[in-house]
Structures are given as structure tokens and as C-alpha cells.
Amino acid sequence: MNLSLISEKLGMPEWRLRGAIKRHSVQVFSYSGMEMLLFRKDVGSVERGTVVFGEEVVRGYPKIKRALVLRAAVAAWGAERVAVEEKLNGYNVRVALVAGSPVAVTRGGHVCPYTTARLAESEGIRSFLGENPEYMLCGEVVGSSNPYVVHRYREAGSFGFFVFDVRHRETNEPLSVPERQRLLAEHGLPGVPLLGVFPKDEVAERVLELVEVLEREGREGVVLKDYEMVEEPLKYTPSATNLSDLRHAFAYPYDYGRDFFFSRILREAYIAVERGLSGEELERAASELGKSILLPMVESIRRVEKGEVLGESYELEFRSEDELLQLLEFLRRQGVSVQVELMEDGRKARLKKLRHASTDRIRAVLKSGT
Ligand code: ATP
Ligand code: MG
């Protein structure tokens, strides 16, 4: 591979890239006959999830800082004019042209064959990237039919892709909010819902109101963006989102890291304080938090007791059997264990991702009692 050209494109000295390869922070491998680099960790200012296909760079999607106490986070922030976007609950995908065709890359930097096949059908994506090959589309895939995150949105149906960022694929430089909107509209591509644009001193109060509505509708939260996209964005999610994460994770308690649980419990405490909860309201929040921890664990333990293997099911639609086989091979390489059930017409399948760590540990405790 031409490491000197690649390091120049990434804006890092070549010795640094070579060092990262030696330490395995950057993995070298081949993919459909092409030499590839995958950044498994941040290296200098180059994000984890960055991939290089031959010499074609697709930078990683940057981490978004979370506001725990919204008013304080906004006050400490530099943006003067703020676009408040909905935070959709799906999975992060970057789409860019590789050897002339759109390829869908996951947050970790893997090409997902299922997502690539679905998105390559989009005329808007083809025309956008055809005219702007130096950019990548960063968006959330949401809906009921995918192998990662199932969440129903009335506007998405089984598979929707909503763009939240247009970035230069080599420098990761983002377009401003209005530039992004203009380009997306030109190609008929849907963006994430824009809930409003507010001056800095109004934002926190407006967001607290907006989030209450989103919360009632079962929607995840918001991302605040500097209208000019100079300052880094901030994300904020309501209690219902934390609780639903906790319910999900505590159903598989040995499959998640402790940080996942602890961080979400802390978020609940800051939210309760910022919302000024006390008395009965605080009692209710405490009881909801407790329920979202205890109930899923009790249910899972009972399932294992009955002999079940824990896991989550996903429904998928395919155009061909080959697509399904490619996805299964991809998941296998990622170390995901699945059970597959083909549905009637052979164009739909149900995948059950098996949670072996939790099933085995719970089974062992039930058997030994210790
Ligand atoms: P991060 O590393 O960015 O903190 P995370 O995996 O912990 O990510 P989340 O808490 O889900 O993720 O929040 C960030 C993610 O939210 C983004 O990576 C993106 O996939 C998703 N997202 C949904 N809607 C938006 C939006 N409007 N703007 C930016 N990101 C969005
Ligand atoms: Mg997410």
C-alpha cells in the first residue's frame, strides 16, 4: 500500500501510521481483492472507525459529547446559533463511493453487506455521491427491518436512512447546517428532523420542552449543533431513553460492561436534579429506575430456568439468498452468534442473536447456587 500517500491524506506523519500498524491500532487486511486499513483506535486526530480502501479514505464519525446537565452544558458551549435536531435511534452509517459504488460503513469501520445492498438502491445517494465524490453521507439507519437496532418510526417504515452530517471524507470537515440542507434537498435525500434553530440564550429551555414531547412519543432525544458547524455538537436524551437502554441491557446483564449500566444510572440522577424533582415525583422516578433494572433480570433468569437461550430477534427483508448468506458471513466474522429462521416466501428471515455470556452464567448460578 502507498502509506506515504495515505498518511498525507490523513494529515499524519508516515512514521506515526507505521507505528500504529505495528501496535495493531490500525489493522491491515484485504477485502474483495483490495488492500485495506482499519483504525481500531483513535490515532492522533484520526478517529477510530476510519477505513482506507486501497487509497480511498473514509474518516470515522466523531464522538459526540453528552450534556448531563443541559443548562450548564449549553452555557459552557461556544455556539451562538443552535440547530436542534432529533437524535434518531438506529445505527450510524457512513456512505461513500469506493471504486465508484456506494459502500455503507458501520461506526466501527466495517462494510455491512446488508446496509450496502439496501442503500445502493437509493437514486438520491447515487446522484449525491456521483456529483460530490469528495463527501461522505453520515446518517442513521432506522426502522423495523435491520440486523442491529429495531425501533419503529412512522416515517421510516421497515428501513429508513436519515442524513445528519455531510463531511469531507478525507479531512472530516463538516458542511454547515444550511449547506447540508441545501445539498440534501437538491438530491431528494431525507435529513434527520430539524426541530428548530434558536439563539444560544433560549436553547436550553426550548430543548427541555422539546425533549418532554419526544419522550412521550417514545423518541430518543436531540443533538444540538452549531449552525455553522464550527463548535462540536452536544447530545441530550431524556429519562425514558436511559430507562429503555437499562431495560434492554439488564435483560443480558453479563453481556454488557459495567460502565454501560453505571453511566445510565448517573444520567438519571442529573436529570432528576435539573428537573427539580422531589416528593412524589422523585419517588416515582426512583421506582421507574428500579423497575427498569430488576424486572428484565428477573424475566431473563426465569427464561433460562425454563431452558431458553437468551437472545434478541431481528426481522430482515432480502432481495436474494446471496444477500442473506453475505450478512451471515459478516456477522460470523464479527463473532456474533445467530440462529436463522427463513420465513414463507424466502425473502424474509428472522435472526436471533444469541446472548451466550448471560445465558451460561445465569444457568451456572441456578445450578450451583453460588
Ligand atoms: P458517540 O461515540 O458519538 O458518543 P455512542 O455510540 O455512544 O456515540 P449515541 O449515544 O447513540 O452513541 O450518540 C451518538 C450517535 O447518535 C451518533 O453516532 C449517530 O449515530 C446518532 N445520531 C442520531 N441522530 C443524530 C443526529 N441528528 N446528529 C448526530 N448524530 C445522530
Ligand atoms: Mg445511537
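In which sense do strand 7 (residues 91-98) and strand 9 pair, and over how many bridges? In this predicted model, the two strands are antiparallel and are joined over 5 bridges. Within this pairing, the residue of strand 9 that stands opposite Arg94 is Cys138. Strand 9 is also joined to strand 10 (residues 160-168), again in the antiparallel sense, and here the number of bridges is 8. In strand 10, Phe161 is the residue opposite Val141. Strand 9 thus has pairings with strand 7 and with strand 10.

Strand 9 spans residues 135-142, and 8 of its 8 residues are buried. In a regular strand, side chains point alternately to one face of the sheet and to the other. For strand 9, one side carries Tyr135, Leu137, Gly139 and Val141, and each of these is buried. The other side carries Met136, Cys138, Glu140 and Val142, which are likewise buried. Both faces of the strand are therefore covered, because the residues on either side are all buried, that is, under 20% relative accessible area. The charged residue Glu140 is among those buried.

Cysteine pairing was examined next. A disulfide is a covalent bond between the sulfur atoms of two cysteines. With a cut-off of 2.5 Å between sulfur atoms, the count of disulfides is 0. Cys112 takes part in no disulfide, and the cysteine sulfur nearest to its own, that of Cys138, lies 16 Å away. For Cys138, in turn, the nearest cysteine sulfur is that of Cys112, at 16 Å, and Cys138 is in no disulfide either. Because 16 Å is not within the 2.5 Å limit, Cys112 and Cys138 do not count as a disulfide. The relative accessible area of Cys112 is 1%, so this residue is classed as buried. Cys138, the residue opposite Arg94, is buried with a value of 0%.

The structure was also searched for enclosed space. The search of the whole structure returned 1 cavity of 30 Å³ or more. The largest cavity holds about 40 Å³ of space. Its lining consists of Arg66, Ala67, Leu68, Tyr236, Thr237, Asn242, Arg267 and Ile271. Sorted by class, the lining of this cavity comprises 4 nonpolar, 2 polar and 2 charged residues. The charged residues are Arg66 and Arg267, while Thr237 and Asn242 are the polar ones. Domain 2 (62-88 + 196-236) and domain 4 (239-301) each contribute at least three residues to the lining of the largest cavity.

Note on methods. Residues numbered from 1 in each chain as written. Chains lettered and ligands numbered in written order. Predicted model: local features only at pLDDT ≥ 70, side-chain atom pairs only at ≥ 80, totals over all residues. Heavy atoms only, no water. Buried < 20%, exposed > 50% of the residue type's maximum accessible area, 1.4 Å probe, protein only. Helix = DSSP H or I, 4+ residues; strand = E, 2+ residues; numbered from the N terminus. Pairing = 2+ DSSP bridges. 1 Å grid on protein atoms, 1.4 Å probe; cavity = no way out; pocket = protein on both sides within 12 Å on 5 of 7 lines; lining within 4 Å. Points joined across faces, edges and corners; volume = space filled by probe spheres on them. Domains from an automatic or database assignment.
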